[in-house]
Each structure stands twice: as C-alpha cells, then as structure tokens.
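The exercises below are meant to be worked through with the sequence and the model side by side. Try each task before reading its solution.

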Amino acid sequence: QAESLPVLQLNSVFIPRLALRTPIRPVIAAQMSEFQHIVVLTGAGLSAESGLSTFRDKGGIWSKYDYRDVATPEGFARNPTLVHDFYNQRRRGHEGIVPNAAHVALARLEQEFAGEVVVVTQNIDALHEAAGSKNLIHMHGELLKALCASCGERQPCLEDLSLTSHCPACGISGGMRPDVVW
C-alpha cells in the first residue's frame with residue numbers, strides 16, 4: 001500500500017494587496033511549517049487576472065482559432081506561417097503585461113518558505129518569472145522561447161519567428177518554432 005502524503009489544500013485563499021507587504025498570515029504559516037515541500041499548480045485563470053486571454057473560456061483564444069491549425073505538429077507542417085503568426089501575436093500581446101498579486105505572492109512564498117516550493121504552471125507566459133519565481137516548471141512550454149527542430153536547442157525569443165528565422169546554435173534557417181507543447 002502506498003503511503004499517503006499529507007496535503008494542505010487552500011482552494012480559495014484571498015490575499016489582500018496589503019498582505020503582500022506583511023508576513024504570511026500566522027494560521028497559514030503554522031500549517032505550512034509542517035511541510036518541507038510545497039507544489040503549486042497554476043493555470044490560465046491566474047494570468048487572466050493580468051489581462052492575458054485564456055484559451056478555453058467563452059470568447060477565449062480557441063473560440064477564434066481551431067487548435068488543430070495552430071497548436072499541432074500537423075498544423076505547423078500544413079501552414080507554418082499561420083502558426084508563426086499565431087504565436088507572434090501571443091508574444092506581442094505579452095508586452096506590457098505585468099504579474100498580478102497572485103504571481104507576486106507565489107514568488108514571495110518561494111523566497112520566504114523554509115522548505116522547497118515548486119510552481120508547476122500550465123501557462124506559457126513568463127509572468128511567474130517576472131514576479132520572481134525561480135523554481136518553476138512550464139508544463140506546456142514557454143512563449144518567450146523558441147525551439148530549433150534541426151538541433152533541438154532552446155533559445156530566448158522576444159521577436160517574431162518566421163520561416164527565415166535561423167537558429168543561433170546551428171545556423172540552420174526554417175527550423176525555429178515556438179517552444180510550446182504540441
């Protein structure tokens with residue numbers, strides 16, 4: 001029989017802005033002190049608070065695009081220009097977006113907690129990093145990175161990608177694509 005691990009579940013924690021400048025509430029801190037490791041899973045709702053569109057909400061990104069055209073290897077093979085345009089728009093839309101209180105609170109938890117905090121996010125944006133999170137796993141990839149299909153190298157990517165983009169590592173053109181899960 002597998003031993004079950006203790007879980008502290010905080011389904012709805014309201015953190016007022018003032019609390020971001022004060023110590024973590026004593027009750028939560030006392031409960032959390034029992035643990036050595038904390039894993040936090042975040043999704044689209046977290047970044048929506050910063051103004052980024054979600055993929056599945058009513059009026060979200062998938063209501064405007066068929067994911068099979070822009071978020072699959074087959075879509076990229078059929079129309080790489082469309083896929084590049086789609087992610088270039090996402091990247092440009094990221095400009096000027098800042099982390100919200102939840103991103104900041106998670107980064108602060110990571111910095112102040114005596115044990116280890118890992119944030120696992122479904123989001124492809126860089127708002128957790130901008131807030132200061134360091135121990136982060138992007139489940140679906142990263143919008144601000146590119147992957148070379150020729151050599152497998154990952155590179156920071158703040159500019160538009162196209163079929164003429166070349167890989168800084170191997171020098172081959174046409175193989176760069178958004179570093180997101182397809």
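**Exercise 1. Where is the place of Gly-175?**

Before starting, note that this is a predicted model, in which local features need pLDDT of at least 70 and side-chain atom pairs count only at pLDDT 80 or more, whereas totals for chains, interfaces and linings use all residues. Residues are numbered from 1 along each chain as its sequence is written, and side-chain values use heavy atoms, with hydrogens and water left out.

Step one is to locate the residue: Gly-175 sits in the loop between strand 5 (154-156) and strand 6 (176-180). Helices (H or I, at least four residues) and strands (E, at least two) are DSSP runs, numbered from the N terminus.

Step two is to classify its exposure, for which buried means under 20% relative accessible area, exposed over 50%, and partly exposed in between (1.4 Å probe, protein chains only). With a relative accessibility of 9%, Gly-175 counts as buried.

Step three is to list its neighbours, where contact means heavy atoms within 4.5 Å. Leaving aside residues up to four places away in sequence, Gly-175 touches Leu-147, Cys-148, Ala-149, Ser-150 and Ser-165. For Ala-149, which is 26 residues apart from Gly-175 along the chain, the C-alpha atoms of the two are separated by 4.9 Å.

**Exercise 2. Describe how strands pair in this model, beginning with the open sheet.**

Step one is the rule: two strands pair if DSSP finds at least two bridges between them. By this rule three strands form an open sheet in the order 1-2-3, with parallel pairing. Strand 1 (37-42) and strand 3 (136-138) are the edge strands, each pairing on one side only.

Step two is to examine each pairing in turn. Strand 1 and strand 2 run parallel and are joined by six bridges, and Val-40 stands opposite Val-119 in strand 2. Strand 2 (residues 116-121) and strand 3 also pair in the parallel sense, over three bridges; here Val-119 stands opposite Leu-136, while the bridge partner of Val-120 is Ile-137. Strand 2 is mostly covered, with five of its six residues buried.

Step three turns to another pairing, that of strand 4 with strand 6, which is antiparallel and extends over five bridges. In this pairing Glu-142 stands opposite Asp-179 in strand 6. Strand 6 is mostly covered, since five of its five residues are buried.

**Exercise 3. Which residues of helix 5 are buried, and what covers them?**

Step one is the geometry of the helix. Helix 5 has 15 residues and reaches 21 Å from its first C-alpha to its last, close to the 21 Å expected at 1.5 Å a residue, where the expected span is 1.5 Å times one less than the number of residues.

Step two is the burial pattern: Pro-80, Val-83, His-84, Phe-86, Tyr-87, Asn-88, Arg-90, Arg-91 and His-94 are buried. What covers the buried residues includes helix 3, helix 4 (73-78), helix 7 (127-131), strand 4 (141-148) and strand 6.

Step three looks past the end of the helix, where Gly-96 follows with a positive phi, near 85 degrees.

**Exercise 4. Classify two of the aromatic pairs, and then look for charges over rings.**

Step one is the criterion: rings of Phe, Tyr and Trp (its six-membered ring) pair if their centres lie within 6.5 Å, and planes under 30 degrees apart count as stacked, over 60 as edge-to-face and the rest as tilted. The structure holds six aromatic pairs. One of them, formed by Phe-55 and Trp-62, is tilted, at 4.9 Å centre to centre with 45 degrees between the planes.

Step two is the pair of Tyr-65 and Phe-86, which is edge-to-face, at 4.8 Å centre to centre with 75 degrees between the planes. Tyr-65 lies in the loop between helix 2 (44-48) and helix 3 (67-70), and Phe-86 in helix 5 (residues 80-94), so the pair ties together parts that are 21 residues apart in sequence. Tyr-65 is partly exposed, with a relative accessible area of 23%, whereas Phe-86, at 1%, counts as buried.

Step three widens the view: ring pairs link Phe-55, Trp-62, Tyr-65, Tyr-67, Phe-86 and Tyr-87 into a cluster.

Step four concerns charges, where a charge sits over a ring if NZ of Lys or CZ of Arg is within 6 Å of the ring centre and within 35 degrees of the ring normal. Arg-90 lies over the face of Phe-86, at 4.6 Å from the ring centre, and Arg-177 lies over the face of Trp-182, at 3.9 Å from the ring centre.
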